[in-house]
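User: Hello! I have just opened this structure and would like to learn how to read it. Could you take me through some of its features?

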Amino acid sequence: MIVAPHQKAFAKTARPYEGCFHGTGCGKTRTCLYAVRKYDGSILVVAPKTSVQKKQWEHEAKVLGLKKPTVISYETFRRDYTKLKKYKAVIADEAHRLFGVSPVMCRRAGQWVPKTSQIYAAMKWYLEERRPERFIPATATPNKTPFSIWACGELLGYSEMSFKEFRSEFYHTLPMDRVVYAPNRDTESMEKIAAMTRRFGQVLRLDDLKDVPEQTFRTEYLAPTAEQTRVLKGLPVRFTDSTSLRAKRHQVENGVLYEDAFNPKTKKVAREAERFDNAKIDYIVERALEFPKMVIFANYTEQVEAIAEALRKEDKFVMTLTGATKDRKAVERDAEESDSAYIVAQAAVSSEWEFKSCPVVIFASLTSKSIDYIQGQGRVQRYDAVKKNLYIHLICDYGNSIDARWFDTIMSGRDFNEKLYA
């Protein structure tokens, strides 16, 4: 049984209800299971569906000499939480999924209450009604928004402010027709949120545990091709709604375009996808000649497929990871066992897998969530395989590029998480 010093330290010092906010690659699964080993036989793990399918919690329990814990998905927990028996220990994997509290309020049973997600409400009910002896929410990115931390504090029972007090302290309203709350991003506010996070759980990153070599980050700005430029100019005629137009521009900037069209044969409206020549794929293919192993993230499924096809034309061994991938463990195994392998993953599929021997990650395009970007970096940097890595961002750049603005927004969205380690 291999238990690292930091995992033993968490077990020794954690309160009965304690957040495990260790960074990606720190081995949170083993950390949490070791901490609740006293309750062997009465451990419930609520995890993303992909984690349940991989059976990583059962594997780690076996390594620790424990019985198989009960592992269910968030979807199952949300549906069946009132039917579940009392477990003495509850672990929430990727627990940021629980912290769904909005800064707006809604009327419920004749009273104004915070608007929350169903999974947050389900966990709050379970903790209050079943009263487990241990509760560990585990995530590398606990404070994706200020209210995520307020929600975390409510679940742990460590609330320091009322809902309205918290909103007044950490949010401001935008000058719009309806009331819209935006988080304060000044240094003082972010430092206060970081300090609160550290009071709710234990914060640790890989750099604190290992001598991590300096990581290299590179941003490549690529001009749109002639075909992309032509299509971009014609988009305002095809899509007049401003929100839709922004989305379509971002798609084209990444070499694809989705459009709902009527199929005269089936008599139904179906989504069709177009592809366009783009410099991002050319760049990725060039890097594949240089590096035998790479991970490439792309936001759009069609973009994932286009990149994979381009690499296969160069006789590369390519695997894809999308929401439809059922066996991520097999992808991991095949990639690690190969001398040369390329994983092209949907940008939202940024957790629940690893590629330890890979030294290069290319972000061809990003989701709208900074959490996916942070998690994506952790796929190649793990506790038992620390090394120097190269992270490359590809930006389709021209006047008023949505891709560039999207990238800047994601980079600014890292602030709350990074303040944890300041």
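**Reading strands, sheets and helices**

Analyst: Gladly! Let's begin with one strand, E17: Val360 and Ile362 point one way from E17, Val361 and Phe363 point the other way, and all are buried. Please keep in mind that this is a predicted model.

User: Why do the side chains of a strand point in two directions?

Analyst: In a regular strand, side chains alternate between the two faces of the sheet. In this structure, Val360 and Ile362 of E17 take one direction, while Val361 and Phe363 take the other.

User: Which strands belong to the sheet, and in what order?

Analyst: The open sheet has six strands in the order E11-E18-E17-E14-E16-E15, with parallel pairing. E11 (216–222) and E15 stand at the edges with a single partner strand each, so one side of each has no neighbour in the sheet. On average, neighbouring strands of this sheet are turned by 20° against each other, direction ignored.

User: How many bridges join E17 to E18, and how many join E14 to E17?

Analyst: E17 and E18 pair in the parallel sense over four bridges, and E14 and E17, also running parallel, are joined by three bridges. Ile362 makes a good landmark: Ile362 is the bridge partner of Ile296, and Ile362 also stands opposite Ile392 in E18. Over at the edge strand, E11 pairs with E18 (residues 390–396) in the parallel sense over seven bridges, and there Arg218 stands opposite Ile392.

User: Which helices lie across these strands?

Analyst: One of them is H16 (residues 370–377), which lies across E11, E14, E17 and E18 and runs at about 160° to E17. Another is H15, lying across E14, E15 and E16 at about 155° to E15.

User: Which residues of H15 are buried, and what do they pack against?

Analyst: In H15 (residues 328–337), the buried residues are Arg328, Ala330, Val331, Glu332 and Ala335. They pack against helix H3 (49–54) and the strands E14 (293–298), E15 (318–321) and E16 (341–346). Look at the start of the helix too: Asp327 caps the N-terminal end of H15, with a side-chain oxygen 3.3 Å from the backbone nitrogen of Lys329.

User: What should I look at when two helices pack together?

Analyst: Two packed helices are described by the angle between their axes and the distance between the axes. Take H6 (residues 118–130) and H7 (residues 146–156): they pack at an angle of about 20°, with axes 9 Å apart. That makes H6 roughly parallel to H7. At their contact, Tyr120, Met123, Lys124 and Leu127 in H6 meet Trp150, Ala151, Glu154 and Leu155 in H7. By class, this contact of H6 with H7 has six nonpolar, no polar and two charged residues.

User: How do H12 and H17 cross?

Analyst: The axes of H12 (residues 242–253) and H17 (residues 402–412) come within 8 Å and cross at roughly 100°. H12 and H17 are therefore roughly perpendicular to each other. In this contact, Arg246, Arg249, His250 and Glu253 in H12 meet Ile402, Asp403 and Trp406 in H17. The residues of the contact of H12 with H17 divide into two nonpolar, one polar and four charged.

User: Where can I find a hairpin?

Analyst: Strands E12 and E13 form one, with four residues between them, and Lys267 in the turn has a positive phi of about 65°. Eight bridges join E12 (residues 256–263) to E13 (residues 268–275), and the two strands run antiparallel. One of the pairs to find is Phe262 with its bridge partner Val269 in E13.

User: Let's try single residues. Is Thr139 buried or exposed?

Analyst: Thr139 has 0% relative accessibility, so Thr139 counts as buried. You will find Thr139 in the loop between strand E7 (134–138) and H7. Beyond its neighbours within four places in sequence, Thr139 is in contact with Cys20, Phe21, His22, Lys28, Glu94, Ala95, His96 and Phe99. Its side chain also reaches the backbone nitrogen of Thr141 at 3.0 Å.

User: And is Gln56 buried or exposed?

Analyst: Gln56 counts as buried because its relative accessibility is 17%, and the cut-off for buried is under 20%. Gln56 lies in helix H4 (residues 56–63). Leaving aside neighbours within four places in sequence, Gln56 is in contact with Thr29, Ser51, Asp93 and Glu352.

Key
Residues numbered from 1 in each chain as written. Predicted model: local features only at pLDDT ≥ 70, side-chain atom pairs only at ≥ 80, totals over all residues. Heavy atoms only, no water. Axes fitted to C-alpha atoms, helices over the stretch in contact; angles between N-to-C directions. Parallel < 35°, antiparallel > 145°, perpendicular 65-115°, else oblique. Contact = heavy atoms within 4.5 Å. Nonpolar A, V, L, I, M, F, W, Y, C, P; charged D, E, K, R; others polar. Buried < 20%, exposed > 50% of the residue type's maximum accessible area, 1.4 Å probe, protein only. Polar contact = N/O pair within 3.5 Å; in protein donor to acceptor, adjacent residues only side chain to side chain. Pairing = 2+ DSSP bridges.
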